[in-house]
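Student: Could you take me closely through a single part of this model, setting it first within the chain and then going down to one of its residues?

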Amino acid sequence: MIESLPLQLPWFGFAGLPPAWLFFAAAVLVALLQKAEMPRLLLAVLLATPVLGALNLFSMEIGTSWVWQVMELELVQLRVDRLSFLFGLLFHLAALLGVIYALQVKDSQQHVAALVYAGGALGAVFAGDLVSLFFYWEAMAVSSAFLVWTGRNQTSAGAGLRYLTMHLFSGVLLLGGAVMHYQSTGQIAFDYLGTGTLAGGLILLAFGIKCGFPLLHGWIIDAYPNASPSGTVFLSMFTTKVAIYALARGFPGTELLVLIGTIMALFPIFYAVIENDLRRVLGYSMINQIGFMVVGVGVGTELALNGAVAHAFNEVLFKGLLFMSMGAVLLRVGHVLGSDLGGLYRSMPRTTAFCMIGAASISAFPLFNGFISKSMIMSAMIEQGYSWSWLGLLFASAGVFHHAGIKIPYFAFFAHDSGLRVSEAPRNMLWAMGAAAGLCVVLGSWPALLYGLLPWPVSYVPYTYPHVMVQIQLLLFSALAFAWLKLAGIYPPELRSVNLDFDWVYRRLIPSAYRSGKHALVRLSASLSRSAQSSAQSLREHFTAPRKALVLHMETGGAAVLVGVVLAGYLLLYLLSAGGSG
């Protein structure tokens with residue numbers, strides 16, 4: 001890894017604070033400003049937080065700081081190297097785009113949850129030990145569940161609880177793996193872990209849940225399409241990218257990840273082609289793109305790892321852009337069902353243009369950012385002899401163009417004229433989409449801007465004749481196949497249907513466990529105080545009266561989870577200290 005940071009501007013005079021703390025402090029301030037009914041100052045704080053955070057990031061130096069000694073444990077709150085710096089820069093950029101996109105939202109709960117969520121992601125990226133990683137891991141889980149609940153209906157309520165269950169289970173696995181790792185090695189540093197021990201296997205599985213490994217991916221398809229437009233945009237930017245960072249940090253070169261990533265890249269294609277809800281299509285597309293990154297981490301060479309983290313950077317931009325465009329359609333039309341859309345390019349021309357840029361980027365068209373990162377992974381696979389996996393990802397690339405590059409813009413904005421005539425997206429949404437679209441084009445046209453940020457030395461040249469011609473041929477024949485299938489009437493029609501995924505299986509197999517967990521949360525919250533008992537009653541009433549406000553039920557679940565996380569943390573510290581003394 002290169003021993004210097006790509007961007008360092010120490011004259012700003014910041015103290016190199018852990019970035020998460022700035023976002024947590026901003027979340028508290030936003031909540032207070034909302035209660036004081038000071039909307040202009042609230043918006044100023046929202047916009048200033050990622051900007052000031054980025055300036056703070058540029059004042060950092062390579063190394064560790066803000067180290068706390070807790071009993072025998074050394075908790076590192078700020079470990080800076082080029083890998084953490086790249087993801088830190090990405091998450092500040094993502095937070096700024098998300099905040100701009102959500103400026104019209106008059107709901108402080110969404111803003112507070114988004115700031116805590118972004119802070120948790122930054123805390124996880126800069127955490128230098130497994131204990132600190134665990135606490136930020138759980139902060140992400142709790143805060144992002146509140147973003148799922150922003151859908152404010154019965155479906156989003158259930159999806160949020162299932163989402164929270166999966167991510168708390170990921171935290172339990174991480175906690176157990178951290179304890180076992182400490183007991184066997186006496187270390188809690190978050191560095192290379194490997195899969196040679198049970199501890200490493202548990203931590204890999206914890207990361208895999210947040211990545212959306214096969215059979216563990218249902219939470220993405222279940223939760224993301226049920227949040228509000230701005231909530232979904234934030235959700236798409238952080239959790240899975242933190243998981244890619246964690247894999248790159250703890251499990252580079254793990255060959256099992258090549259197989260897992262290849263499967264991830266392949267199977268979502270078949271679901272996405274027949275899915276009618278276009279936000280669910282993007283959910284499957286996200287799993288597909290994460291598969292490319294997982295393969296890159298599994299190959300483990302410098303070229304492959306650079307490709308994986310570069311693709312994570314680019315995916316936040318183009319997938320965020322696609323979710324933004326579908327969020328704008330949802331805001332104006334009220335749904336994103338492909339069977340009932342079409343012709344929106346007439347009344348939403350700017351949103352249409354931005355969506356098409358996102359579609360070109362995710363499809364890896366030359367001169368768009370997806371091309372300069374995906375080709376790095378593919379080239380690394382050929383160099384290392386992963387021929388069969390390379391063929392699988394080549395097929396997956398063609399499938400991406402079908403379901404995300406063509407299907408999303410075609411059925412939403414073109415296809416048949418549905419007669420819908422709506423207003424263009426709000427200006428702040430257009431600003432966010434325009435910024436993301438501009439970055440997709442700029443980074444794709446001048447790849448050195450991104451390559452200069454990567455953690456390992458880069459000698460890769462994306463715009464060579466073989467790279468460009470292979471990709472153009474792939475895209476051309478994919479487009480011809482789509483056109484032929486549509487003209488022949490063979491392409492799956494957009495039907496008003498529900499597709500069953502694997503989450504249906506485990507929800508049917510363990511309904512009693514799910515109900516027990518829900519009731520356990522209620523009992524825990526009820527034991528805290530009289531006010532918590534009242535909130536628990538509201539939660540129970542919600543499931544019989546789903547149209548009531550969800551705020552109380554969110555507060556109940558959040559309080560119970562936070563108490564559980566704190567108790568688990570104390571248990572972790574106790575076990576680690578006991579293991580150390582033994």
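Tutor: Helices here are DSSP runs of H or I with at least four residues, strands are runs of E with at least two, and both are numbered from the N terminus. On that basis the chain of this predicted model has 23 helices and two strands. Of the 582 residues in the chain, 59% are buried, and among the contacts with a separation of 6 or more, 81% join residues 24 or more positions apart.

The part to look at is helix H4, which runs over residues 108–126. Its 19 residues should span 27 Å at 1.5 Å a residue, and because its end C-alpha atoms are 27 Å apart, the expected span and the model agree. Helix H4 is mostly covered, with 17 of its 19 residues buried. At the start of H4, the backbone nitrogen of Gln109 has a side-chain oxygen of Asp107 within 3.0 Å.

Within helix H4 lies His111, whose relative accessibility is 7%, and therefore this residue counts as buried, the cut-off being under 20%. The side chain of His111 reaches the backbone oxygen of Val105 at a distance of 3.1 Å. Val105 also appears among the residues in contact with His111 once neighbours within four places in sequence are left aside, together with Val30, Leu42, Leu46 and Ala102. For His111, then, the picture joins a place in helix H4 with a buried setting and a side chain that reaches a backbone oxygen.

Technical notes: Residues are numbered from 1 along each chain as its sequence is written. This is a predicted model: local features need pLDDT of at least 70, side-chain atom pairs count only at pLDDT 80 or more; totals for chains, interfaces and linings use all residues. Side-chain values use heavy atoms; hydrogens and water are left out. The expected span of a helix is 1.5 Å times one less than its number of residues. Buried means under 20% relative accessible area, exposed over 50%, partly exposed in between (1.4 Å probe, protein chains only). A polar contact is a pair of N or O atoms within 3.5 Å; within protein, one must be able to donate a hydrogen and the other to accept it, and residues adjacent in sequence count only if both atoms are side-chain atoms. Contact means heavy atoms within 4.5 Å.
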